[in-house]
Amino acid sequence: MEPRMNIAQAQPEIYRAMRELNRTVEGAGLDPKLLELIKIRSSQLNHCAYCIDMHTKDARAIGETEQRLYALSAWHEAPFFTDRERAALALAEAVTVLTDGFVPDEVYAAAAEHFDEKELALVVWATTVINGWNRVAVATRMQPGEYVSHRTPA
């Protein structure tokens, strides 16, 4: 598939605002590896090859293991994730796939057992931002494969 447009060039002010929102979320204190897991899982659910490519590279650059990245799409069954990570991934999935039109109370409550209110807000914001990027990338057919991570280990 060929790219449809360069959205950053078509609407540079909006693109800069989205990047600034992204930077703000990334700098707000959530564990960088957990943040990348949220981004990758949401991107998997949204079928966003560009973002999967980008965030698996970023995750590797900060020390995430291949084993966990390979198992992420089946995290429910994989023993490689902590209870805290599982709670965040469940909440990210619920926010990404609003199948029933809402985030189930039990998913939110389980996440609240592992995160304080500020951290919960970050999980929701991180999921919201990556969902926005996924929609931009899928709609404009951004091409995976060329991204090079500039992240350094935490």
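**Exercise 1. Arg141**

Task: State where Arg141 sits relative to helix 8, and describe its backbone and its accessibility.

Solution.
Step 1. Arg141 belongs to the segment after helix 8 in this predicted model.
Step 2. The phi of Arg141 is near 60 degrees, a positive value in a residue that is not glycine.
Step 3. The relative accessible area of Arg141 is 27%. The limits for partly exposed are 20% and 50%, so Arg141 is partly exposed.
Step 4. Glu66 serves as a reference point for Arg141: the two are 75 residues apart in sequence, and their C-alpha atoms are 26 Å apart in space. Glu66 itself is in helix 5, which covers residues 66-71, and at 31% relative accessibility Glu66 is partly exposed.

**Exercise 2. His47**

Task: Find the loop that holds His47, and decide whether the residue is buried or exposed.

Solution.
Step 1. His47 lies in the loop between helix 3 (32-45) and helix 4 (49-61).
Step 2. His47 is not a glycine, yet its phi is positive, at about 55 degrees.
Step 3. The relative accessible area of His47 is 68%. Exposed means over 50%, so His47 is exposed.

**Exercise 3. Cys48 and Cys51**

Task: Determine how many disulfides the model has, and account for Cys48 and Cys51.

Solution.
Step 1. A disulfide requires two cysteine sulfur atoms within 2.5 Å.
Step 2. For Cys48, the nearest cysteine sulfur is that of Cys51, 3.4 Å away, and Cys48 is in no disulfide.
Step 3. For Cys51, the nearest cysteine sulfur is that of Cys48, also at 3.4 Å, and Cys51 is in no disulfide.
Step 4. The count is 0 disulfides.
Step 5. With the limit for buried at under 20%, Cys48 is buried at 1% relative accessibility. Cys51 is buried too, with a relative accessible area of 4%.

**Exercise 4. Val136**

Task: Place Val136 in its helix, then list what it touches beyond four places away in sequence.

Solution.
Step 1. Val136 is part of helix 8, residues 117-140.
Step 2. Leaving out residues up to four places away in sequence, Val136 touches Ile7 and Met142.
Step 3. Val136 and Cys48 are 88 residues apart in sequence, while their C-alpha atoms are 9.5 Å apart in space.
Step 4. The relative accessibility of Val136 is 22%, so the residue counts as partly exposed.

**Exercise 5. Lys33 and Glu93**

Task: Describe the surroundings of Lys33 and of Glu93, and assign each an accessibility class.

Solution.
Step 1. Lys33 is in helix 3, and Glu93 is in helix 6.
Step 2. Not counting residues up to four places away in sequence, Lys33 touches Ile62, Gly63 and Glu64.
Step 3. Lys33 and Asp58 are 25 residues apart along the chain, with a C-alpha separation of 9.1 Å.
Step 4. With the same exclusion, Glu93 touches Arg41, Leu45, Trp75 and His76.
Step 5. Lys33 has a relative accessible area of 30% and is therefore partly exposed. Glu93, at 15% relative accessibility, counts as buried.

**Exercise 6. Helix 6 against helix 7**

Task: Give the packing geometry of helix 6 and helix 7, and classify the residues in their contact.

Solution.
Step 1. Two packed helices are described by the angle and the distance between their axes.
Step 2. Helix 6 (residues 83-96) packs against helix 7 (residues 105-112) at an angle of about 145 degrees, and the axes are 8 Å apart.
Step 3. The crossing of helix 6 past helix 7 is left-handed.
Step 4. Helix 6 contributes Ala87, Ala90, Leu91 and Ala94, which meet Val107, Tyr108, Ala110 and Ala111 of helix 7.
Step 5. By class, this contact consists of 8 nonpolar residues, with no polar and no charged ones.

**Exercise 7. The whole chain**

Task: Summarise the secondary structure of the protein, and test its radius of gyration against that of a compact globule.

Solution.
Step 1. The protein has 8 helices and 0 strands; from the N terminus, the order is α-α-α-α-α-α-α-α.
Step 2. For 154 residues, a compact globule would have a radius of gyration near 15 Å; the protein has 15 Å, so the two agree.
Step 3. Along the principal axes, the C-alpha atoms fill a box of roughly 45 × 35 × 30 Å.
Step 4. Buried residues account for 39% of the 154 residues.
Step 5. Of the contacts between residues at least 6 apart in sequence, 71% join residues at least 24 apart.

Methods
Residues are numbered from 1 along each chain as its sequence is written. This is a predicted model: local features need pLDDT of at least 70, side-chain atom pairs count only at pLDDT 80 or more; totals for chains, interfaces and linings use all residues. Side-chain values use heavy atoms; hydrogens and water are left out. Axes are lines fitted to C-alpha atoms, for helices over the stretch in contact, and angles run from 0 to 180 degrees between N-to-C directions. Helices (H or I, at least four residues) and strands (E, at least two) are DSSP runs, numbered from the N terminus. A crossing is left-handed if the near helix is turned anticlockwise from the far one by less than a right angle, and right-handed if clockwise. Contact means heavy atoms within 4.5 Å. Ala, Val, Leu, Ile, Met, Phe, Trp, Tyr, Cys and Pro count as nonpolar, Asp, Glu, Lys and Arg as charged, and the others, Gly among them, as polar. Buried means under 20% relative accessible area, exposed over 50%, partly exposed in between (1.4 Å probe, protein chains only). The radius of gyration is taken over C-alpha atoms; the globule rule is 2.2 Å times the number of residues to the power 0.38.
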